[in-house]
Amino acid sequence: MLRKMKVMMVTDSLQVGGAEQVAVDIANTLDRDTHQVYFCATRCDGLLRSSLKSDVEVMVLERSATWDLLKLLAFGKYVRTEGIDVLHSHGRGTMRFIALCKALGIIKAEHVFHDHFGRLHLDRSAGRGLTIPLHHGVDAYIGVESRLCRWAIETVGLPKEKVSLVRSGVDLERFSSATAIDLRSEFDLGDCALVLLMVANFRPQKDHPTLFRAIAELTKAQQESIRLVVCGSTTADPAYFEGCMAMLERLEIAHLVRTIGVRNDAPSLMAGADAGVFSSKNESGPLVILEYMASELPFVATETGEIAHAVKNAGVGILTEPRDYLALADGLAALLEMSNKERAEMGGRGRTLVIEEFEQHVVVGQVEAIYEQLLSLSSHNLPTEQSARSSG
Amino acid sequence: MTIEPAALLRTRYPRAECEVSIALCTFNGAPWIEELLSSIAAQEILPDEVIVQDDCSEDATVLLIEQFAAQAPFEVRLEVNENRLGSTANFATALSRCRGRFIALADQDDVWYPTKLRRLIDELELDPTVTMVFSDADLIGPEGQSLGQQLWDTRLVGRMLRRRAVVPEELFARRALTTGCTMAVRRRAVAASLPFPDVLDNEDAPMRHDRWLSLVAASVGTVRALPEPLLGFRVHPDQETGVLLGSQLTQALGHAASAVFTAPVESSNATHLARADQLEAAAQRANEMGDFEEAHTLTAIASHHRSRVQGAGSVIDRLENISSGVRVGAYGWDRLGLIAVAGDIVRSVRPWRSTEGPKANI
C-alpha cells in the first residue's frame, strides 16, 4: 500500500471569509485515494469548522503574533510528527509564519502559498517583509487572479515556473444539498417582489455604502418592491458598520434592509433569495459570485476580480463599475424590470457556467497537479498512488 | 459632524453622457491659448468635448477660442461669465458643465504632449477605484523653451511622489501637491467635490480648486501619481500658479521656515482654523460617499489644526497635541513637516507673539 500525500491547509482562522472558504473547499475535495488532509487555523477557530469533512484533521494553534515562538515550535513539531508533505497557506500573514518555520529549519515540507490579496490596487509594493519570505520560504505561488500573478513575477521577481493562476472554484455539493430558507418569513420582509441577498462581511472593501446609495437612487415604487438581506460579520470593523447603519438612516431606506450577521448557512440563504447583490470596491476573486451562480441566483455585482471579469459577457448577471452607485442603481432597476422567467433563465445560465468552468474538481485538479510537480522536483520523491498510476 | 437630510444625499450631478471632457478656464490668455488648443487637438485620443469657461477676458481669448471651435474635431462649449469669478469658482462652474466619465483639467498657458490624455485616461480605465491621476510636467519658459526642470521638484514633492504609486488623502490634507493641469478625474470624484464649499474662499488660507479636488478624490477613492512629464508647464510672470526656481526656491524655503517660528499668533490661528474648516468639509463629502475611514483621518487632522490654535490648554496639553498630530499624520516627515513640528514645539513653550509678521504657509 503506497503512502498518501499528506496535505495541510493553513489559514489564519476558520471564520467565514473568501480565502478561508477556498481553503475549506480544497480540503474537502482533494482526492481521498491519494491525499490525507489536515487543516490548521493558526489564530482561531470559527464557523467554517462545521463545513469541513469529518476525515479532515483539524488543529487550532491560537498564535497571538506572526513571531509567536512557542506556537511556531508546536506547529513545527506537529508537522514533523505527522509527516506532512505539503503545507498550503492562504493569506500573507500565514505565509510569513510558515516561511519563518522553513527558514528556521523547523519544518521541511513543501510550501504552496495561495494569494488572495484584494488590495493590490492600493498597494503594489513588495517590501522586504514580503519578498524575503516569498523567495526563501515559498516553493510554489498560486494567485487567484492574473494581476496577482503578474505582480509576483514582475514586482517580487519570482521565476515564472513557480507561479500559477488558479481561479477560485465552488463546491457544488454545498449548494445542491442546501435547503432553502424562506427569507420573507424568517426576516419579516413582508410581501415584496424581490428579496436581494448580499453576502459580505461589513468591511470597507465590501463597500456597502455604494449599494445603499444605489437603492436610494431607485424610485419609491422600485424601492418598495425590494428588500435587502445583508449576511456578514458586523464586528469585523465596528466603526464601518456603525457608519453604514447611520447611512441607511440618512438615506431613509433602513426599513428596506435587514442585517443578519455572520451565518454558516449561506447556501440555504441563497437558495431562499430571489437575486444576489455584491458591491465590493476591489476583489481578487470574488468567490461569492460563483456561489450566487451555483445557487442559480441572478445577480447585480460590481465588476472586480478574476471571476467577475471571466463571467462578464456570459449573461449570468449584471456587472457594473465598482463604486458607481448610479450604475449599480441602473443594474438593480434592470433586474427589477426582468420577468421572473428571465431572471430564472439568467440564474440557470450561471449554474451551467459554474458546472462547466468553475466546479471545484476543476480547481482541485490544478492544485493537485501543482503538489505533484512540487514533490517530484523535491528530494522527497514521494511514491504516491498517482505517480505510481502515471508510471504504469 | 453635521448630518445632511436625505434629499441632499441624492444625486446632485447628472449621469455621464460621453467619455472624456476637458475643463478649461481662461482669462486674458490670448498669447498662449492657440498653442494649448492645438496641442489638445493633436492628442492621441481626442476628448468628446472641451468645456471653456472664460472669466471675462479683455483680450482676444474668446475670439481665438471661437475660431478654434469652428474647425475643432470635437465639440467646444464656450461660456463667458457675466462677472469675474476668480479661478476656483470658475473651475467649479466649468466642472459642473462637463458631461464626461473622465474629466481632464487644462490651464490656458500650457502645452500638452500628444500622449497626455491617453496616458491619464488609460490609468483611470485600468482600475475603477482610481478617482484621480496626475502626472509630472516639464517647465517651459514664456516662449516655450525648456527650463530643464520638472514641476514636482520645484514643489519639493518629486522624491516623495516618485516613491509612491498611491497618494493618500493625508498628503493632500497637509499641502497642495500638484496643479489642475496635470490631472484627470473620474466623474464620481468631481460629483463628490461639487458644489465647492464656501470655506475654500478664505482670505487667510484659501484652498484652490485643484487642491480641493485632489483632496476629495483621494478621500473617496484612490489617487495615482504618474512620474512621467506629460505636458510643458509654462512659467511666466502673469500666471496664477507660481513656480519657484533655483535661488527663489531656497529663499522661499527659508522664508517658510522663518514664518513657522515668527508668524504672529492671529495669522497662524486664522490659517489653522481655515484649514480645519476645509478638511472637515472634505471629511463630510467622504462620509456621504461611505468612505468612513478616510473621513475619520481628515477629521483627526482637522481637529489637530484646531488644537494648534494658540492659547488652547497648558504647555503640556499643547505638546501632547503635537505628539497626537504626528501620530495622525498631520505633519509628514518631509522637510516642511519637520519644520512645522519644530515651530509648533517652540510656539507651545514660548510667550505669544501678536505683532504682524510674515504669514505661516501651512
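B:P195 is placed in the loop between α9 and α10 of chain B, where helices (H or I, at least four residues) and strands (E, at least two) are DSSP runs numbered from the N terminus. The peptide bond that leads from B:L194 into B:P195 is cis, with omega near -10 degrees. The model is predicted, so local features need pLDDT of at least 70 and side-chain atom pairs count only at pLDDT 80 or more, while totals for chains, interfaces and linings use all residues. Residues are numbered from 1 along each chain as its sequence is written, and chains are lettered from A and ligands numbered from 1 in the order in which they are written.

The surroundings of that loop belong to the domain organisation of chain B. The domain assignment divides chain B into domain 1 (17-243) and domain 2 (248-349); such bounds come from an automatic or database domain assignment. The C-alpha centres of domain 1 of chain B and domain 2 of chain B are 27 Å apart. Their contact involves 21 residues from domain 1 of chain B and 25 residues from domain 2 of chain B, two residues being in contact if their C-beta atoms, placed from the backbone, lie within 7 Å. On the side of domain 1 of chain B that touches domain 2 of chain B, two or more residues are given by each of α8 (169-174), α9 (187-193) and α10 (209-219) of chain B. The largest share of this side, four residues, is that of α8(B). By class, the side of domain 1 of chain B that touches domain 2 of chain B holds 12 nonpolar, four polar and five charged residues. Here Ala, Val, Leu, Ile, Met, Phe, Trp, Tyr, Cys and Pro count as nonpolar, Asp, Glu, Lys and Arg as charged, and the others, Gly among them, as polar.

Chain A is likewise assigned domains: domain 1 (5-169 + 359-390) and domain 2 (172-358). Taken over C-alpha atoms, the centres of domain 1 of chain A and domain 2 of chain A are separated by 30 Å. In the contact, 24 residues of domain 1 of chain A meet 20 residues of domain 2 of chain A. The side of domain 1 of chain A that touches domain 2 of chain A receives two or more residues from each of α1 (18-29), α5 (146-156) and α16 (360-377) of chain A. Of these, α1(A) gives the most, with three residues. This side of domain 1 of chain A divides into eight nonpolar, 12 polar and four charged residues.

Two helix pairs show the packing within chain A. Helix α3 (residues 92-103) of chain A and helix α4 (residues 128-137) of chain A have axes that come within 9 Å and cross at roughly 55 degrees; axes are lines fitted to C-alpha atoms, for helices over the stretch in contact, and angles run from 0 to 180 degrees between N-to-C directions. This crossing makes α3(A) oblique to α4(A), given that angles under 35 degrees count as roughly parallel, over 145 as roughly antiparallel, 65 to 115 as roughly perpendicular and the rest as oblique. Residues of α3(A) in the contact include A:M95, A:I98 and A:L100, and those of α4(A) include A:P133 and A:H136. The contact of α3(A) with α4(A) has six nonpolar, two polar and two charged residues.

In the second pair, the axes of helix α12 (residues 287-294) of chain A and helix α15 (residues 340-358) of chain A come within 7 Å and cross at roughly 120 degrees. That angle makes α12(A) oblique to α15(A). From α12(A), A:L290, A:Y292, A:M293 and A:A294 take part, and from α15(A), A:G350, A:R351, A:L353, A:V354 and A:F358. In the loop between β11 and α12 of chain A lies A:P286, joined to A:G285 by a cis peptide bond with omega of about -15 degrees.

The contact between the chains takes 23 residues from chain A and 19 residues from chain B. On the side of chain A that touches chain B, α8 (208-217) and α10 (238-250) of chain A each supply at least two residues, and the largest share, five residues, comes from α10(A). A:D207, in the loop between β8 (194-199) and α8 of chain A, has a positive phi of about 50 degrees although it is not a glycine.

Finally, chain A averages a pLDDT of 91, pLDDT being the predictor's confidence in each residue, from 0 to 100.
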